[in-house]
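Hi,

Here is the structure I promised to pass on. Have a look at it first, and then read on for what turned up when I went through it.

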Amino acid sequence: MEAQVLAALHEASGPATAAWVQERLGGDLAYTTVMTILSRLHAKQAVTRERSGRAYAWTPAADEAGLAALRMRRVLDGEPDRDAVLTSFVSTLSAHDEQLLRALLDRATADDPATNDGPTTADGPASADGSAAEPGTDRRR
């Protein structure tokens with residue numbers, strides 16, 4: 001249902017009320033259900049809201065790609081072993097997706113001087129906690 005509400009908000013020409021969203025969804029959902037979904041999306045930072053009289057007007061916080069990225073970050077943040085999750089994710093990428101990810105990471109590194117001066121070890125760049133990767137476990141493929 002969250003995806004349907006977000007899709008409706010993306011169709012809007014500007015901020016939309018819950019009643020507008022309810023109407024676009026065919027009216028099968030109760031107004032209170034639409035409000036609950038919008039409130040949950042707001043708590044997840046997927047939508048923003050501003051007062052419009054006594055109601056709120058809702059807007060998607062990002063485009064579809066941005067919302068997908070937000071969901072991916074939330075999944076990653078919920079996992080206790082980020083390294084294992086990222087390693088598993090990267091190891092299943094297609095060759096094209098891997099090249100795209102490498103290009104994006106290279107661009108981000110070039111654009112951010114702070115990453116150029118990050119911690120390193122004799123074995124190369126250190127992990128986020130400052131430790132080196134175990135020899136033979138180069139996760140960069």
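Let me start with helix H4, whose buried residues pack against H1 and H5. Those buried residues are Leu67, Leu70 and Leu76. H4 runs over residues 64–77. Its 14 residues should span 20 Å at 1.5 Å a residue, and the end C-alpha atoms are indeed 20 Å apart, so the length agrees.

Before going further, please keep in mind that this is a predicted model.

The overall layout

There are seven helices and four strands in the protein. Along the sequence they come in the order α-α-α-β-β-α-α-α-α-β-β. The protein has 141 residues, of which 18% count as buried. If you take the contacts between residues at least 6 apart in sequence, 43% of them join residues at least 24 apart.

Helix H1

H1 covers residues 2–11, and its buried residues are Val5, Leu6, Ala8 and Leu9. Seen down the helix axis, these buried residues of H1 fall within an arc of 160°, so they line one face. Turned away from that buried side are the exposed residues Ala3 and Glu11. As for partners, the buried residues of H1 pack against H2, H3, S1, S2 and H4.

Past H1 you get to Ser13, in the loop between H1 and H2. Is Ser13 buried or exposed? Its relative accessibility is 87%, and anything over 50% is taken as exposed, so Ser13 counts as exposed. Ser13 and Thr59 are 46 residues apart along the chain, with 9.8 Å between their C-alpha atoms.

Helix H3

H3 takes in residues 31–43, 13 residues in total, and reaches 18 Å from its first C-alpha to its last, close to the 18 Å expected. Its buried residues are Val34, Ile37, Leu38 and Leu41. Down the axis of H3 they fall within an arc of 95°, so here too the buried residues line one face of the helix. Thr32, Arg40 and Ala43 are exposed on the other side of H3.

What does the buried side of H3 pack against? The list has two helices, H1 and H2 (18–24), and two strands, S1 (47–52) and S2 (55–60).

Just after H3 there is a residue worth a click: Gln45, in the loop between H3 and S1. Its phi is near 65°, a positive value in a residue other than glycine. For context, most residues other than glycine have a negative phi. Gln45 is exposed, with a relative accessible area of 58%.

The nonpolar core

The largest nonpolar core has 17 residues, and those touching the most other members are Val5, Leu9, Val21, Leu38, Leu41, Val47 and Trp58. The elements that give two or more residues to this core are H1, H2, H3 and H4.

Val47 is a handy place to centre your view. Which residues does Val47 contact once its neighbours within four places in sequence are left aside? They are Leu6, Leu9, Leu38, Leu41, His42, Trp58, Thr59, Pro60 and Ala61. Leu6 and Leu9 are among the buried residues of H1, while Leu38 and Leu41 are among those of H3.

Rings and charges

Tyr56 has two arginines to look at. The charged end of Arg49 sits over the Tyr56 ring, 4.2 Å from its centre. The charged end of Arg51 also sits over the ring of Tyr56, at 4.4 Å from the centre. As for aromatic pairs, a search of the whole structure finds one.

On to H5

One last stop is Val85, in helix H5 (residues 82–91). Val85 is partly exposed, with a relative accessible area of 29%. Apart from neighbours within four places in sequence, Val85 is in contact with Leu76 and Glu79. Leu76 is one of the buried residues of H4, and the buried residues of H4 pack against H5 as well as H1. Val85 and Val75 are 10 residues apart in sequence, and their C-alpha atoms are 9.6 Å apart in space.

Over to you, and happy browsing.

Cheers

Methods: Residues are numbered from 1 along each chain as its sequence is written. This is a predicted model: local features need pLDDT of at least 70, side-chain atom pairs count only at pLDDT 80 or more; totals for chains, interfaces and linings use all residues. Side-chain values use heavy atoms; hydrogens and water are left out. The expected span of a helix is 1.5 Å times one less than its number of residues. Buried means under 20% relative accessible area, exposed over 50%, partly exposed in between (1.4 Å probe, protein chains only). The arc is that of the directions from the helix axis to the C-beta atoms. Contact means heavy atoms within 4.5 Å. Rings of Phe, Tyr and Trp (its six-membered ring) pair if their centres lie within 6.5 Å; planes under 30 degrees apart count as stacked, over 60 as edge-to-face and the rest as tilted. A charge sits over a ring if NZ of Lys or CZ of Arg is within 6 Å of the ring centre and within 35 degrees of the ring normal. A nonpolar core is a set of buried Ala, Val, Leu, Ile, Met, Phe, Trp, Tyr and Cys residues joined through side-chain atoms within 4.5 Å.
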